[in-house]
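Student: I should like to learn how terms are applied to a protein model. May we look at one together?

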Amino acid sequence: MSVSAPGKAPIKAAEAPPKAKQTNYPEPFAARMAGRLKRPLGDVFGLTNFGVNHTRLAPGGVTALRHYHSRQDEFIYVIAGAPTLVTEGEERVLEPGMCVGFKAGEPLSHYFINRTEQEVVLLEVGDRSAGDAVTYPYDDIEAVLVDGRWAFTHKNGQPY
């Protein structure tokens, strides 16, 4: 039985085009994302209400600076590898099939790091709530989503 779906044809996530610019962070933070490769799957299909990323982490790679969002919910599903989830006072090694979510507005800073010799592959899902702000408690950076783009400042308000 053949089923036809509306919209664009299905794709293999690992073959989607990578982001042209792999990070929006200004330096010196952008360099810390060197071991990360994001493929914005939601953009491939023209999704506007939420984003979906197929993210690969090389050994030593991280998903982001340690952060939390004011308005954006986040959901991460482990496809392959054993990433370490770092949160306030806790580190947990995850395995394929595990997932975790972060509710908007809850000040639980987090990120993933690949401390293994094997590649990690994650599926990241987050909404695109207007006016979202990101807090980075361990770095001198803050971000606000303005007209669909991230605006970065130092914690004293000076722009990068």
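Student: Why does lysine 38 count as buried or exposed, whichever applies?

Tutor: Lysine 38 has 9% relative accessibility. Buried means under 20% relative accessible area, exposed over 50%, and partly exposed in between (1.4 Å probe, protein chains only). Lysine 38 therefore counts as buried. Please note that this is a predicted model, in which local features need pLDDT of at least 70 and side-chain atom pairs count only at pLDDT 80 or more, while totals for chains, interfaces and linings use all residues. Residues are numbered from 1 along each chain as its sequence is written, and side-chain values use heavy atoms, with hydrogens and water left out.

Student: What makes the meeting of glutamate 124 and lysine 38 a salt bridge?

Tutor: Their side chains meet at 2.4 Å, N to O. A salt bridge requires a side-chain nitrogen of Lys or Arg within 4 Å of a carboxyl oxygen of Asp or Glu, so the pair qualifies. Glutamate 124 is also buried, at 12% relative accessible area.

Student: How do you class arginine 32 and aspartate 139 by accessibility?

Tutor: Arginine 32, at 44%, is partly exposed, whereas aspartate 139, at 12%, is buried. Their side chains form a salt bridge as well, at 3.0 Å, N to O.

Student: Why is the pair of tyrosine 25 and tyrosine 136 called edge-to-face?

Tutor: The structure holds three aromatic pairs. In this one, the centres are 5.8 Å apart and the planes 75°. Rings of Phe, Tyr and Trp (its six-membered ring) pair if their centres lie within 6.5 Å; planes under 30 degrees apart count as stacked, over 60 as edge-to-face and the rest as tilted. The pair is therefore edge-to-face.
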